[in-house]
Every structure is written in structure tokens, then in C-alpha cells.
Amino acid sequence: RGVNAAALEELFAMAQDRADTTRYDIKVSLLEIYNETIRDLVEPREGGAGEDKRLDVKIAPEGGTCVPGLALVQVETMEEVEAVLSRAAENRSVGRTDLNEHSS
């Protein structure tokens, strides 16, 4: 397991330990930058069908950056995170290159 998974497991454990005093909303989003295009890997198409969403990185009013229109999925367990990651993996761009064709 990687660093992200370990951090998320710790976050869920902390939220569970503090559940009687604090409510946490944990949300995940996944994007891909491929050929200079930003794609939402959770909900790549407008309304689930049609053309890919057109996304841009913007400066947020409170500072930092944001991607308006990027899907946020509320999760409560590591299993829910893994389901979102699986959906995102299915939506990734997979390009074939000449280099791959000739590699051993």
C-alpha cells in the first residue's frame, strides 16, 4: 500500500475516534492531465453521457487553486475510496505509442 492509502486509513481512523465530538466530511476527486487536457476521472462526461467535461484550473477566491466542475464524491470508508479509484482507473486515457510497440 502506498502513502496515500496509509494517510487515508489514518484519516478515517481519526474521524472514527472523534465521531462523538466532531463530524468530518471526507470527499475525493480524481483528475488526469493528458495531452494538455484536464479530465475528470470520476464523472468524465456531462451528466454521465455526451462529450467530456471541459475543465480548467482556476485561482480560488480564498487562495490556492481549484478545478470548477470536478466531481467530488463523499466517502466514509476505505472501501468507498477504493471503489472511486477503480471507477477512475476505468476512465483513464490509455494511449498507444510507437515506443510501446517496439519495446521488449
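These legends accompany several close-up views of a predicted model.

**View 1. The whole chain, as an orientation for the close-ups.** Here the predicted chain can be traced through 3 helices and 6 strands. Starting from the N terminus, the elements follow the order α-β-β-β-β-β-β-α-α. The chain has 104 residues, of which 24% count as buried. For contacts between residues at least 6 apart in sequence, 51% join residues at least 24 apart.

**View 2. The largest nonpolar core brings together 11 residues.** Look for Ala 5, Phe 12, Ile 26, Val 28, Val 42, Ala 71, Val 73, Val 75, Met 78, Val 81 and Val 84, which make up this core. Two or more residues each come from helix H1 (3-17), strand E1 (26-28), strand E6 (73-75) and helix H2 (78-91). H2 gives the largest share, with 3 residues.

**View 3. The largest pocket holds about 230 Å³ of space.** Its lining consists of Phe 12, Ala 15, Gln 16, Ala 19, Thr 22, Arg 23, Tyr 24, Ile 26, Gln 74, Val 75 and Glu 76. Both H1 and E6 supply at least two lining residues each, and the largest share, 3 residues, belongs to H1. If you have just come from the core view, some names will be familiar: Phe 12, Ile 26 and Val 75 are among the core residues and also among those lining the pocket.

**View 4. Arg 23 and Asp 25 pair in a salt bridge.** The structure holds 5 salt bridges, and in this one the closest N and O atoms are 3.1 Å apart. Arg 23 is exposed, at a relative accessible area of 67%, while Asp 25 is partly exposed at 45%. Arg 23 also belongs to the lining of the largest pocket. As a reminder for this view and the next ones, side chains of opposite charge can pair when their charged atoms come close.

**View 5. A network of salt bridges links Glu 32, Arg 39, Arg 45 and Asp 52.** Within it, the side chains of Arg 39 and Asp 52 form a salt bridge, 3.3 Å from N to O. Arg 39 sits in strand E3 (residues 37-40) and Asp 52 in the loop between E3 and strand E4 (58-59), so this pair ties together parts that are 13 residues apart in sequence. Arg 39 is buried, with a relative accessible area of 13%, whereas Asp 52 is partly exposed at 33%.

**View 6. Asp 40 and Lys 53 form a salt bridge between two buried residues.** The closest N and O atoms of this pair are 3.0 Å apart. Asp 40 lies in strand E3 and Lys 53 in the loop between E3 and E4, so here too parts that are 13 residues apart in sequence are tied together.

**View 7. Glu 32 and its surroundings in strand E2 (residues 31-34).** Glu 32 is buried, with a relative accessible area of 9%. Besides being part of the salt-bridge network, its side chain is joined to that of Ser 93 by a polar contact of 3.0 Å. Leaving aside residues up to four places away in sequence, Glu 32 touches Thr 37, Ile 38, Arg 39, Leu 41, Arg 92 and Ser 93.

**View 8. Asn 35 and Glu 36 in the loop between E2 and E3.** Most residues other than glycine have a negative phi. This loop is a good place to pause, then: Asn 35 has a positive phi of about 50°, and phi of Glu 36 is also positive, near 65°. Asn 35 is exposed, with a relative accessible area of 64%, and Glu 36 is exposed too, at 81%.

**View 9. Leu 85 in helix H2, shown with Leu 41.** These two leucines are 44 residues apart in sequence, and their C-alpha atoms are 8.8 Å apart in space. Leu 85 is partly exposed, with a relative accessible area of 41%. Leu 41 may be remembered from the Glu 32 view, where it is one of the residues that Glu 32 touches.

Notes
Residues numbered from 1 in each chain as written. Predicted model: local features only at pLDDT ≥ 70, side-chain atom pairs only at ≥ 80, totals over all residues. Heavy atoms only, no water. Salt bridge = Lys/Arg side-chain N within 4 Å of Asp/Glu carboxyl O. Buried < 20%, exposed > 50% of the residue type's maximum accessible area, 1.4 Å probe, protein only. Helix = DSSP H or I, 4+ residues; strand = E, 2+ residues; numbered from the N terminus. Polar contact = N/O pair within 3.5 Å; in protein donor to acceptor, adjacent residues only side chain to side chain. Contact = heavy atoms within 4.5 Å. Core = buried A, V, L, I, M, F, W, Y, C linked by side-chain atoms within 4.5 Å. 1 Å grid on protein atoms, 1.4 Å probe; cavity = no way out; pocket = protein on both sides within 12 Å on 5 of 7 lines; lining within 4 Å. Points joined across faces, edges and corners; volume = space filled by probe spheres on them.
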